[in-house]
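This report describes one protein model, part by part. Keep the sequence and the structure in view while reading.

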Amino acid sequence: MGSVTPTNLLVVDFTNKELKPGSSCWSLACNDIQHALENHGCFIALYDKISQELDKAIFHAADDLFDLPTQLKVQNTNEKPYHGYVGQIPFVPLHEGLGIDYATTLDGVQSFTNLMWPQGNKSFR
């Protein structure tokens, strides 16, 4: 289903017309994605239904988030491991992560946005 890049990241082509839930192609993709997430934490998704403007906006929002001061990002806490702020780790100095609890709900995203931008940030959500 997927191909592997020179950096060993899985590439999944979601534009493939054969990739439909329940198909053998779908099952293979699910297995490949699970393996990629367990071993690399990510994969490359090819999908042509997202506009270039939205793509740029998403990366701009991520830049805005990770450019926030560390003392603000560390306020994102959670009792579940790796669900809050993850960073400032000496043996992986360039790694940072911010979990958003209930990211699929308006309340969850609004709560996170209010924490990171107390003055407001309507474009983040």
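In this predicted model, the largest pocket has a volume of about 230 Å³. Its lining is made up of 13 residues, and those closest to the centre of the pocket are A57, I58, A61, S123 and F124. Sorted by class, the lining of the largest pocket holds eight nonpolar, three polar and two charged residues.

The second largest pocket contains about 170 Å³ of space. I50, D55, I58, F59 and A62 form its lining. Four of these lining residues are nonpolar, none is polar and one is charged. I58 appears in both descriptions: it is among the residues closest to the centre of the largest pocket, and it also lines the second largest pocket.

The table sets the two pockets side by side.

| Pocket | Volume | Nonpolar residues | Polar residues | Charged residues |
|---|---|---|---|---|
| Largest pocket | about 230 Å³ | eight nonpolar | three polar | two charged |
| Second largest pocket | about 170 Å³ | four nonpolar | no polar | one charged |

Next comes the chain as a whole. The protein contains four helices and five strands. Read from the N terminus, these elements follow the order β-β-α-β-α-α-β-β-α. The C-alpha trace spans about 45 × 35 × 25 Å along its principal axes.

The protein has 125 residues, of which 26% count as buried. Its accessible surface amounts to about 9,200 Å², and carbon and sulfur atoms account for 57% of that surface. Contacts along the chain can also be sorted by separation: among those between residues at least 6 apart in sequence, 40% join residues at least 24 apart.

How confident is the prediction? The mean pLDDT of the protein is 89, and 94% of the residues reach 70 or more. Among the elements, strand 1 (residues 3–4) has the lowest mean pLDDT, at 58, while helix 3 (residues 70–73) has the highest, at 96.

Three residues can now be taken one at a time. The residue F66 belongs to helix 2 (residues 52–66). Is F66 buried, partly exposed or exposed? Its relative accessible area is 31%, so F66 counts as partly exposed, since that class lies between the buried limit of 20% and the exposed limit of 50%. Apart from neighbours within four places in sequence, F66 is in contact with K73, E96, G97 and L98. One of these partners, E96, is 30 residues away from F66 along the chain, yet the C-alpha atoms of F66 and E96 are separated by 8.0 Å.

The other two residues are tyrosines in loops. Y82 sits in the loop between helix 3 and strand 4 (85–86). The phi angle of Y82 is near 65°, which is a positive value in a residue other than glycine. Y82 has a relative accessibility of 70% and therefore counts as exposed, because the exposed class begins over 50%.

Y102 is placed in the loop between strand 5 (97–98) and helix 4 (106–116). For Y102, phi is near 55°, again a positive value in a residue that is not glycine. The relative accessibility of Y102 is 59%, so Y102 counts as exposed.

Terms used
Residues are numbered from 1 along each chain as its sequence is written. This is a predicted model: local features need pLDDT of at least 70, side-chain atom pairs count only at pLDDT 80 or more; totals for chains, interfaces and linings use all residues. Side-chain values use heavy atoms; hydrogens and water are left out. On a 1 Å grid over the protein atoms alone, a cavity is a set of points where a 1.4 Å probe fits but cannot get out, and a pocket is an open set with protein on both sides within 12 Å along at least five of seven lines; lining residues have an atom within 4 Å of a point. Grid points are joined across faces, edges and corners, and a volume is the space filled by probe spheres set on the points. Ala, Val, Leu, Ile, Met, Phe, Trp, Tyr, Cys and Pro count as nonpolar, Asp, Glu, Lys and Arg as charged, and the others, Gly among them, as polar. Buried means under 20% relative accessible area, exposed over 50%, partly exposed in between (1.4 Å probe, protein chains only). Contact means heavy atoms within 4.5 Å. Accessible areas come from the Shrake-Rupley method with a 1.4 Å probe; for residues, only the protein chains shown count as cover. pLDDT is the predictor's confidence in each residue, from 0 to 100.
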